[in-house]
Amino acid sequence: MQQDSAEDLRLVIEYVELPFLLAILELNIKKIKESNFKLGPLFELHLRTMQDRVSKEQYRVRQEMRRRGIKVLEQHQLEDRITAKYLCRGYTHELRLLWSKVKADIEMRLAEYLGVDISSLNV
């Protein structure tokens, strides 16, 4: 049962975070289009491929949530965090994610998609 609860929570976190990843990719595509970067079209194509992958992940997450009877009831973006209320197995739960956690999760997922090791990144 503990394993199911952890997986349920992971699904809700992904459900909340993936739209932000899509927005970041779209913003970067826009920036590439506006630049005169010589390899811009190639990078734009790569980012669009990543968007497709994220969209497929979103679909998979929604399907799995539906299968498990998990439903996000409401979501709010605050200055320092995102909150979400969700229904799981007849109980209402609340999720709070700090923006720093969302940013770190998105960066790790992007690094995975790009096949790069971000442990040596100095930011």
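**Overall architecture and the strand 2–strand 3 hairpin**

In the protein, residues 24 or more positions apart provide 53% of the contacts that have a separation of 6 or more. The model examined here is predicted. Its secondary structure comprises three helices and three strands, and the order of these elements, read from the N terminus, is α-α-β-β-β-α. Two helices thus precede the three consecutive strands, and a helix follows them.

The overall dimensions were taken along the principal axes: the C-alpha atoms of the protein fill a box of roughly 55 × 30 × 25 Å. The chain contains 123 residues, of which 33% count as buried. An area of about 8700 Å² is exposed by the protein, and 55% of this area is supplied by carbon and sulfur atoms. With regard to charge, 21 positive and 19 negative side chains are present. The centres of these two sets lie 4 Å apart.

Among the strands, attention is given to the pairing of strand 2 with strand 3. Strand 2 spans residues 81-88 and strand 3 spans residues 91-98. The two strands run antiparallel and are joined by eight bridges. One residue pairing can be specified within this arrangement: Ile-82 has Leu-97, in strand 3, as its bridge partner. Together, strand 2 and strand 3 form a hairpin, with two residues lying between them. Arg-89 is located in the turn of this hairpin and has a positive phi of about 55°.

Technical notes: Residues numbered from 1 in each chain as written. Predicted model: local features only at pLDDT ≥ 70, side-chain atom pairs only at ≥ 80, totals over all residues. Heavy atoms only, no water. Pairing = 2+ DSSP bridges. Helix = DSSP H or I, 4+ residues; strand = E, 2+ residues; numbered from the N terminus. Buried < 20%, exposed > 50% of the residue type's maximum accessible area, 1.4 Å probe, protein only. Contact = heavy atoms within 4.5 Å. Areas by Shrake-Rupley, 256 points an atom, 1.4 Å probe, with all protein chains shown as cover. Lys, Arg positive; Asp, Glu negative; His and termini not counted. Charge placed at Lys NZ, Arg CZ, Asp CG, Glu CD.
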